[in-house]
Amino acid sequence: MNALIKLELARALRNRKFLFFSVIYPSIIFLLVASQGGTGETVDNSGLSVAAYVMVSMASFGALTAVLMGNSERIAKERESGWVRQLRLTTLPGRGYVLAKTASAAVVSLPSIVVVFLIAASVKHVRLDAWQWLALTGAIWAGSLVFAALGVAIGYLASGDAVRPITMITYFGLSILGGLWWPSSSFPTWLQDIAKWLPTHAYAALGRAIEQSQAPKAQDIAILVVFFALFVGGAAWLYRKDTLKA
Amino acid sequence: MVVGFDQVSKTYGNVRAVDGLSLRLHPGETVALLGPNGAGKSTTLDLLLGLKQADAGTVSVFGLNPREAIVAGRVGAMLQSGGLMDEVTVRELVKLACDLHPKPYKVTDVLARAGISQIADRKVNKLSGGQSQRVRFALATAGDSDLIVLDEPTTGMDVSARQAFWATMREQADQGRTVLFATHYLEEADAIADRVLVLHRGRLLADGTAAEIKAKAGARRISFDLEGEIDEAPLRALPFLTAVDVSGQTIRIQSSDADATVHALYGLGVYPRNLEVAGLGLEQAFVAITEAEEAKEAPQS
């Protein structure tokens, strides 16, 4: 399986468009948004500077881009082309294909997190303790698995022309409503009530808790765990259905 | 025994794609699975490779179930609609196939044998149809498998590419491997296979050497008109007939030896008009064989 992971990774790193959107693009938005806040300003009683707040949003957004966009469209395309069938004629175990896709997406998502951090620290002077940087990286990286599973599920659910719109709607919907682009506290109350149940919202809240040196809220962890179980279960069910059909 | 099908059936909705199929392949054979489109060839190969599960009956490959045989590295296969991973080079893809095989060959050897060394650094998605087929062939022969399965391998190849391909294939067979390929070209089966299985509507119609099948499928259609009262009995007694159809003044017959049949026809003292003798296409030949089979079965049931 390592052979497939290596090849998937080589292919992902060769794809400039994909790298731009998952690694460079979140950092650019970070710079644009963080520059709007004054230095002393904090975001909605969190005690966090605009730069620190947006840094977590954009690192989460970058990881989300890398794992969601990387998986869904490719899986749908390769299912249709018959590559998935061809792989079933090798010694690769059944789940190997999905695991290789997820592993290579995870490797790309790590730089998309780290680059935002580096730019935040060097350009916007965000200062955190060493343990906080490490915990942030670990939490955002691990949390991205939730969305990797979602990407796999979409890849097995949709086919042909439907994959891209479904991925895009899910991607922008989760990013915007989850408060990755603007703080969800700027939403009307009814929308805030919806937003706080979204996995992206819990995902960013996890990172902010670490920045505030607080324990993450149990509700956020529970939301992430439930969505992870939901997405993995859905992906597994769709995968089995597809295998029987093929 | 390399492959054993025992009373295998597979149904899609109302269509019986494979209908009580039993067959055995023996080591070292080169076997053609011949049949018109929709005969059940692809489904048979999918069942053999474990891509589909039989509704009834058992499929065994080297005494194992299909998936176990693949994991043991005993089967290399090339699918008709086998997509390829794009945006990687031919060499990278072949290397992947070698890495995944329990008994791999060297990448350079696999490339050379499939005749794709010159295009090894090209991206997979920039290949012509024939080149893609060769890459698929390379994936199927990346390791020392005992059985090679090919589903319509020469689709999309021109005549010279086809010849080169079969030369490569023959090398595989000469090394003692069992080769099973599906085709709807009678000529391919004739030139390559030592055994031909004819499949029609999911059932095995004929199993024999290429020459035997060709004699069966090589039937010709003879048609002519007769004037006046037609006495059918002597017509039905003509030699080498496989089918007779009299409608009005027109008689259509099928014969496995048209020359002898026509000669005998004149011997009856009749004057056939508008005489036509035409070869049957493969599709029609299958219908002829099927009708003969069904006629044989009818008295028993």
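This report describes the fold of chain A, the packing of its helices and its contact with chain B.

The model is predicted, so local features need pLDDT of at least 70 and side-chain atom pairs count only at pLDDT 80 or more, while totals for chains, interfaces and linings use all residues. Residues are numbered from 1 along each chain as its sequence is written, and chains are lettered from A and ligands numbered from 1 in the order in which they are written.

**Overall fold**

Chain A contains 10 helices and 0 strands, where helices (H or I, at least four residues) and strands (E, at least two) are DSSP runs numbered from the N terminus. Its order along the sequence is accordingly α-α-α-α-α-α-α-α-α-α. The C-alpha trace of chain A spans about 60 × 35 × 30 Å along its principal axes. A compact globule of 246 residues would have a radius of gyration near 18 Å, and the 18 Å of chain A agrees with this; the radius is taken over C-alpha atoms, and the globule rule is 2.2 Å times the number of residues to the power 0.38.

**Annotated regions**

An unreviewed UniProt entry places the annotation "domain: ABC-2 type transporter transmembrane" on residues 47–236 of chain A. The UniProt record (unreviewed entry) also lists "transmembrane region" for residues 18–38, 50–69, 98–121, 133–158, 165–182 and 221–239 of chain A. Such positions are given in the numbering used here, with feature names shortened, and the annotations may be inferred rather than shown by experiment. The domain and two of the listed transmembrane stretches compare with the model as follows.

| Residues of chain A | Helix | Strand | Distance between end C-alpha atoms |
|---|---|---|---|
| 47–236 | 77% | 0% | 41 Å |
| 50–69 | 100% | 0% | 27 Å |
| 133–158 | 96% | 0% | 37 Å |

**Helix packing**

In what follows, axes are lines fitted to C-alpha atoms, for helices over the stretch in contact, and angles run from 0 to 180 degrees between N-to-C directions. Angles under 35 degrees count as roughly parallel, over 145 as roughly antiparallel, 65 to 115 as roughly perpendicular and the rest as oblique. A crossing is left-handed if the near helix is turned anticlockwise from the far one by less than a right angle, and right-handed if clockwise. Residues are in contact if their C-beta atoms, placed from the backbone, lie within 7 Å. Ala, Val, Leu, Ile, Met, Phe, Trp, Tyr, Cys and Pro count as nonpolar, Asp, Glu, Lys and Arg as charged, and the others, Gly among them, as polar.

The axes of H1(A) and helix H5 (residues 96–123) of chain A come within 9 Å and cross at roughly 45°, which makes H1(A) oblique to H5(A). Their crossing is right-handed. On the H1(A) side the participants are Leu4(A), Ile5(A), Glu8(A), Leu9(A) and Ala12(A), and the residues they meet in H5(A) include Gly96(A), Lys101(A) and Val108(A). This contact of H1(A) with H5(A) divides into 8 nonpolar, 2 polar and 2 charged residues.

H5(A) also packs against H3(A), at an angle of about 160° and with the axes 9 Å apart, and H3(A) and H5(A) are therefore roughly antiparallel to each other. H3(A) passes H5(A) in a right-handed crossing, and their contact has 15 nonpolar, 7 polar and 2 charged residues.

H3(A) further meets helix H9 (residues 199–211) of chain A, where the axes come within 9 Å and cross at roughly 135°, so H3(A) and H9(A) are oblique to each other. This crossing of H3(A) and H9(A) is right-handed. Among the contact residues are Tyr53(A) and Ser60(A) of H3(A), together with Tyr203(A) and Arg208(A) of H9(A). The contact of H3(A) with H9(A) divides into 7 nonpolar, 4 polar and 2 charged residues.

**Contact with chain B**

The contact between the chains takes 18 residues from chain A and 22 residues from chain B. Helix H1 (2–14), helix H3 (50–81) and helix H4 (83–87) of chain A each supply at least two residues of the side that touches chain B, and the largest share of that side, 5 residues, comes from H1(A). By class, the side of chain A that touches chain B has 7 nonpolar, 6 polar and 5 charged residues.

Definitions and conventions: Contact = placed C-beta atoms within 7 Å.
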